Amino acid sequence: MNTRGLLDQLLKSGQDMLQKKAGGQRKGDDKGALGGLLGGGGLGSLLGGAGGGALAAGAMGLLLGNKKARNFGGKALTYGGLAALGVIAYKAYGNWQAQQAGAPKGEPQTLDRLPPAQVELHSQAILKALVAAAKADGHVDERERTLIEGEFVKLDNDQELQHWLHAELNKPLDPADVARAASTPEMAAEMYIASVMLVDEENFMEKSYLDELARQLKLEPGLKTELEKQVRQATL
């Protein structure tokens, strides 16, 4: 099951959405914060193209839901693929370690610093978190599930992946089940970042889900705050 390739397409498709949105809102302004994020050095150098194009964008749009898709420009999912997500997790986790005398030391083993087999495990956990976060506002009904599955088939016709996705979409929303996919603290951090990127924190249902997920992931309050801070900074 090549979750890594599929997830990378989904995340990169968000960048393309943001670039188009930014083009309509910031004509002539390529030096603003958004322009700085999408171009030049830093994270911009990691973004590459919008690999999956319209197909991946369609799947991501369905996961986001109509309301979220309209307001997608402000969310950090738009800054690129897996490598960029790993950079954000690495920075947040490293900052938290430095601030806490009792925190575990050593270089955080985020997905941007791991061999392919471990990256695949992290990718499966992150995709599980994304699917669950998409369901947090209740918009994924039977019709939406069918549409989402159809878009994923267009992206990747891997039967094992399709069965997995079908099972995840049809599960009752359960933060504890999602959290069990995290086998390392770094994986928990990545899953939480992905969830923060997808949810609307102004929506009570989604914010409540996010808080419970953090509790089930056993994130220290300081780490939770740092992860949220890094997501906000990535959208500036």
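With which residue does Arg180 form a salt bridge, and how far apart are the closest N and O atoms? The partner is Asp177, and the closest N and O atoms of the pair are 3.6 Å apart. The model described here is predicted, and this salt bridge offers a convenient point of entry to it.

Arg180 itself is exposed, because its relative accessible area of 60% is over the 50% cut-off. Asp177, by contrast, is buried, as is Lys128. These two buried residues also meet each other: the side chains of Lys128 and Asp177 form a salt bridge, with a distance of 3.1 Å from N to O. Lys128 belongs to helix α5 and Asp177 to helix α8, which covers residues 175–179, so this pair ties together parts that are 49 residues apart in sequence. Asp177 thus has salt bridges to Arg180 and to Lys128.

The two pairs belong to a network of salt bridges that links Lys128, Glu168, Lys171, Asp177 and Arg180. Within this network, Glu168 deserves separate attention. Glu168 is located in helix α7, which spans residues 159–170. It counts as buried because its relative accessibility is 7%, and the limit for a buried residue is under 20%. Leaving aside residues up to four places away in sequence, Glu168 touches Lys128, Val131 and Lys135. The C-alpha atoms of Glu168 and Leu127 are 9.8 Å apart in space, while the two residues are separated by 41 positions in sequence.

Helix α5, the helix of Lys128, also packs against another helix. Helix α5 comprises residues 116–135 and helix α9 residues 185–198; they meet at an angle of about 35 degrees, and their axes are 9 Å apart. Their crossing is right-handed. On the α5 side, the contact is made by Leu121, His122, Ala125, Ile126, Ala129, Leu130, Ala133 and Ala134. On the α9 side, Met187, Glu190, Met191, Ala194, Ser195 and Leu198 take part. Sorted by class, the contact has 11 nonpolar, two polar and one charged residues.

The discussion now turns to the nonpolar interior. The largest nonpolar core has 58 residues, and those touching the most other members are Leu10, Phe152, Tyr192, Leu219 and Leu227. Helix α9 gives the most to this core, contributing 10 residues. For Phe152, the contacts beyond four places in sequence are Leu6, Leu10, Ala59, Leu63, Gln162 and Leu165. Leu10, one of these partners, is also among the core residues that touch the most other members.

Further along the chain, a salt bridge joins the side chains of Lys224 and Asp211, at 3.7 Å from N to O. This pair links distant parts of the chain, with Lys224 in helix α11 and Asp211 in helix α10, 13 residues apart. Lys224 counts as buried because its relative accessibility is 18%, under the 20% limit. Asp211 is partly exposed, because its relative accessible area of 33% falls between the 20% and 50% limits. In total, the structure holds 13 salt bridges.

Lys218 lies in the loop between α10, residues 204–216, and α11, residues 221–235. Although Lys218 is not a glycine, it has a positive phi of about 60 degrees. Lys218 counts as exposed, because its relative accessibility of 70% is over 50%.

Note on methods: Residues are numbered from 1 along each chain as its sequence is written. This is a predicted model: local features need pLDDT of at least 70, side-chain atom pairs count only at pLDDT 80 or more; totals for chains, interfaces and linings use all residues. Side-chain values use heavy atoms; hydrogens and water are left out. Axes are lines fitted to C-alpha atoms, for helices over the stretch in contact, and angles run from 0 to 180 degrees between N-to-C directions. Helices (H or I, at least four residues) and strands (E, at least two) are DSSP runs, numbered from the N terminus. A crossing is left-handed if the near helix is turned anticlockwise from the far one by less than a right angle, and right-handed if clockwise. Contact means heavy atoms within 4.5 Å. Ala, Val, Leu, Ile, Met, Phe, Trp, Tyr, Cys and Pro count as nonpolar, Asp, Glu, Lys and Arg as charged, and the others, Gly among them, as polar. Buried means under 20% relative accessible area, exposed over 50%, partly exposed in between (1.4 Å probe, protein chains only). A nonpolar core is a set of buried Ala, Val, Leu, Ile, Met, Phe, Trp, Tyr and Cys residues joined through side-chain atoms within 4.5 Å. A salt bridge is a side-chain nitrogen of Lys or Arg within 4 Å of a carboxyl oxygen of Asp or Glu.
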